[in-house]
Amino acid sequence: MAKRTDTQTNLPSREEVVSFITQAQGKVGKREIAHQFNIKGNDRIWLKQILKDLEIEGVVDRRGKTMHKAGQLPPMVLADITKRDRDGELIAVPTEWDEEEHGSVPTIIIVSPRKPRPGMPVAGVGDRALLRVDPLKPGDIHRYSGRVTKIIAKKQAQVLGIFRAMPEGGRLIPVDKKSRDQELQIKPGDEGEAQDGDLIAVSIVKHGRFGLPTAKVKERLGSVKSEKAVSLIAIFAHNIPNEFPKAVLDEAATAKPATLDGREDWRTLPLVTIDPPDAKDHDDAVHAVPDEDPNNPGGFIVTVAIADVSAYVRPGSAMDGQAQERGNSVYFPDRVVPMLPERISNDLCSLRPREDRPALAVRMVIGPDGRKIRHSFHRVMMRSAEKLSYQQAQAAIDGRADEVTTPILDTILKPLWAAYGLVKKARDIREPLFLDLPERKIVLKPDGTVDRVYVPERLEAHKLIEEFMILANVAAAEALEQAQSDLIYRVHDEPSLEKMRSLSEVLASIGVKIPGQGPIRPELFNRILRSVDGSEHQLFINEVVLRSQSQAEYAAENYGHFGLNLKRYAHFTSPIRRYADLIVHRALVSSLKFGKDGLPAGTTRAELIEISAKISAAERRAMAAERETIDRLIAHFLADRIGATFHGQISGVSKAGLFIKLNETGADGFVPAATIGNDYYRYDEVTHSMRGEDTGETYRLGDKVEVKLVEAAPVAGALRFELLTKGRFTGKTGGGRKGAKRPARRAKAAEASARFPTRVKVKWRGRA
């Protein structure tokens with residue numbers, strides 16, 4: 001712990017530092033603290049150690065270079081307004097909050113000015129808004145008060161739920177878990193053709209300060225027993241825009257193909273696209289050739305061309321507003337909710353073979369050691385030489401070329417693989433985080449029901465495209481920094497010290513230790529993963545390491561990408577499906593004087609900060625919707641297998657019971673504590689286990705088990721299991737409960753467990 005010396009009498013106390021972090025308005029980092037207390041020279045080393053101590057002790061939280069008191073909201077927060085209290089006051093919750101680290105989600109009571117100024121934002125239930133918050137006194141029902149500074153997204157026009165018929169009219173039970181207790185009243189005559197148990201969409205007719213809101217059925221979507229309705233549940237539950245306004249469609253319909261005017265003519269360069277076999281939009285193409293420069297013997301020139309979406313989606317247009325609201329495309333097994341209209345994404349911007357398409361391209365010179373020597377950006381007109389699937393390209397390299405790949409094998413594909421061989425060397429030296437987690441895919445039948453769940457093969461062709469895209473993304477960030485342009489970075493913070501302590505406990509339970517000293521780097525986790533490679537714990541530890549990571553996000557401030565082990569990184573390669581990439585394209589167009597389609601003059605850093613917050617939230621929304629849809633589909637798939645037995649692994653342990661991940665499908669389910677064995681089981685937080693008081697029978701995180709499916713709730717995406725495997729016997733714990741008390745306690749626990757569905761909460765840490 002950092003201590004003050006005799007020469008440091010003017011330095012602030014720890015309490016003063018914490019007080020400043022707690023009370024300061026706006027960004028607080030080491031620079032702001034040093035300025036506040038006039039800390040200079042070598043005393044900054046003392047300050048750095050003090051801040052590290054405070055973080056280790058859990059007193060403050062850090063994100064990148066900013067920090068705030070642990071468990072406390074920053075002064076400005078993005079929040080969702082979820083309901084009104086009994087007094088009619090609006091209540092909000094932060095969009096981002098880690099319950100694992102900080103406990104229950106804090107509530108914010110919205111303070112409305114007595115005399116609103118003209119033009120002030122007026123918020124309502126369902127809105128997402130930027131709030132300026134202040135902590136309230138301890139003991140208050142709500143932890144914060146907040147004032148709306150800007151409304152980010154208005155409440156949805158329609159609500160999705162299950163219709164429950166009543167003698168007069170009916171009620172709607174929202175499928176959104178956060179709104180399950182906020183029923184809507186449907187008056188007689190407003191139920192349309194809805195039948196009890198139907199999935200319906202309604203519009204809110206009246207939403208007063210008191211009483212149940214009333215609604216009218218707008219659409220009957222069918223029975224909730226149909227898998228075809230599953231993705232609709234997620235779309236409506238997460239308020240994902242899935243229909244384009246007429247103004248957006250009109251803009252797309254009248255868009256004219258870009259011309260060569262002002263662009264370099266690259267139509268003779270044999271770029272190729274390599275995508276999944278069912279891809280409809282192709283936004284990246286690649287090419288590689290040996291470098292003929294005598295100063296770079298054995299090197300390559302790698303070219304990555306990306307669809308020039310900025311040529312069609314102009315700042316301030318209807319398409320731009322809709323794209324920013326959506327943030328990204330959302331992918332479900334049965335449909336895609338695109339960020340841009342099909343006319344743009346699948347036609348004008350899709351790099352189809354033998355058709356002229358506008359692109360932003362980066363030409364990168366790669367040395368024989370695989371490192372990028374230099375790069376240059378170009379605004380071009382290109383013409384893809386061929387459209388390939390990953391499997392098709394890989395088969396050609398493996399000696400199974402077809403009629404499409406045979407003519408381009410030696411001239412295009414082999415140079416690509418040779419260049420990738422070099423890039424892979426540099427990647428291995430850089431040593432990003434190497435997680436080996438199978439990505440399960442769901443295949444649907446023509447009627448929308450689940451056919452099978454499988455793990456697709458991971459090919460070198462996938463890795464080739466990934467590495468070339470990473471190179472291009474780094475080049476984009478470097479080019480914009482060199483031009484002194486603001487941009488939106490893709491950032492990924494290192495794991496928090498709290499998560500590192502939790503990971504250490506899990507690893508210690510299987511005899512693996514984390515070095516106590518030294519910086520946290522990706523290679524530390526890679527050593528851990530290598531130590532369990534090939535063991536029974538391999539998959540489990542990969543998942544535990546994934547959960548220990550921070551969540552990747554977008555930010556106007558750069559604090560690097562921990563997982564990729566890169567100092568600067570920006571998303572540039574997928575502007576058809578990610579709004580962040582479109583912003584980076586516009587920044588390049590502006591900075592490199594490529595035309596009129598760049599960022600609007602006067603775009604401020606504050607605007608980019610706001611956009612970053614919005615699209616980060618949209619990405620998390622998409623991930624949650626995709627994950628919940630998979631859960632619901634698999635629950636549908638297994639619903640007719642009640643009583644069947646499965647093999648799995650304990651993926652989580654809590655006081656409530658055990659979370660189980662099935663080997664066959666990757667599905668998550670729950671075993672309530674009250675149903676385990678014939679003992680009273682206590683949760684041990686240190687060893688992540690449940691242990692019987694009398695028998696000492698223990699179930700530990702990572703244990704392989706056999707379970708029986710007892711109940712499936714497709715709408716909730718929940719599965720409940722009965723444990724068939726005996727636990728480890730480690731001896732009696734001693735000091736057990738009196739036998740007379742246990743039956744009553746177990747009966748109470750069993751009653752609580754009957755409040756099914758309960759589902760595992762897996763917090764995935766985001767895409768790279």
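Start by selecting strand β4, residues 90-94. Both of its faces are covered: Leu90, Ala92 and Pro94 are buried on one side, and Ile91 and Val93 are buried on the other. That puts 5 of the strand's 5 residues in the buried class. Keep in mind as you click around that this is a predicted model.

Now add the neighbours of β4. Strand β3, residues 76-84, runs antiparallel to β4 and is joined to it by 5 bridges. To see the register, show Ile81, which stands opposite Ala92 in β4. The two strands make a hairpin with 5 residues between them, and in the turn you'll find Gly88 with a positive phi of about 85 degrees. Next, bring in β5, residues 108-110, which is antiparallel to β4 as well and is joined to it by 2 bridges. Here the pair to display is Ile91 and Ile109, which stand opposite each other.

**Zoom out**

Show the whole chain as a cartoon. You should get 17 helices and 34 strands. Of the 768 residues, 51% are buried. Turn on a surface if you like: the accessible area is about 37000 Å², and carbon and sulfur atoms own 50% of it. If you plot a contact map, look well off the diagonal: among contacts between residues at least 6 apart in sequence, 67% join residues at least 24 apart.

**Into the core**

Which residues have the most contacts inside the largest nonpolar core? Select Val304, Ile344, Met364, Leu416, Phe468 and Phe572, from a core of 89 residues. Then colour helix α11, residues 460-482, which supplies the largest share of this core with 12 residues. A second core lies apart from this one; it has 48 residues, among them Met500, Ile528, Ala673 and Met690.

Go back to Met364 and show what surrounds it. Leaving aside neighbours within four places in sequence, Met364 touches Phe300, Ile301, Val302 and Val304, among others. Its contacts also include Lys372, Arg374 and His375, as well as Phe468, Leu471, Ala472 and Ala475.

**Rings and charges**

The model has 5 aromatic pairs. For one of them, select Phe377 and Phe572: the ring centres are 5.5 Å apart and the planes sit at 90 degrees, so this pair is edge-to-face. Phe377 is in strand β20 (residues 372-383) while Phe572 is in the loop between β25 and α15, so the pair ties together parts 195 residues apart in sequence. Are these two buried or exposed? Phe377 and Phe572 are both buried.

Move on to Tyr681 and Tyr699. Their ring centres are 6.1 Å apart with planes at 50 degrees, so this one counts as tilted. Tyr681 belongs to strand β29 and Tyr699 to strand β31, with their positions 18 residues apart in sequence. Both tyrosines are buried.

While the two tyrosines are on screen, show the sheet around them. It is an open sheet of 4 strands in the order β29-β30-β31-β34, with antiparallel pairing. β29 and β34 stand at the edges with a single partner strand each, so one side of each has no neighbour in the sheet. Between β31 and β34 there are 2 bridges, and Glu697 stands opposite Phe729 in β34.

Two arginines are worth a stop as well. Arg326 lies over the face of Phe244, 3.7 Å from the ring centre. Arg490 does likewise over Tyr554, at 4.5 Å from the ring centre.

**Helix α7**

Arg326 leads you to α7, residues 318-326, where the buried residues are Met319, Asp320, Gln322, Ala323, Gln324 and Arg326. Display what they pack against: α6, β18, α8, α15 and α16. Just after the helix, check Gly327, which has a positive phi of about 80 degrees.

**Two backbone oddities**

Finish with a pair of loop residues. Glu431 has a phi near 55 degrees, a positive value in a residue other than glycine. You'll find Glu431 in the loop between α10 (409-430) and β22 (441-444). Its relative accessible area is 17%, so Glu431 is buried.

Gln484 also has a positive phi near 55 degrees. Look for Gln484 in the loop between α11 and β24 (489-491). With 74% relative accessibility, Gln484 counts as exposed.

Note on methods: Residues numbered from 1 in each chain as written. Predicted model: local features only at pLDDT ≥ 70, side-chain atom pairs only at ≥ 80, totals over all residues. Heavy atoms only, no water. Buried < 20%, exposed > 50% of the residue type's maximum accessible area, 1.4 Å probe, protein only. Pairing = 2+ DSSP bridges. Phe/Tyr/Trp six-rings, centres within 6.5 Å; stacked < 30°, edge-to-face > 60°. Lys NZ or Arg CZ within 6 Å of the ring centre and 35° of its normal. Contact = heavy atoms within 4.5 Å. Areas by Shrake-Rupley, 256 points an atom, 1.4 Å probe, with all protein chains shown as cover. Core = buried A, V, L, I, M, F, W, Y, C linked by side-chain atoms within 4.5 Å.
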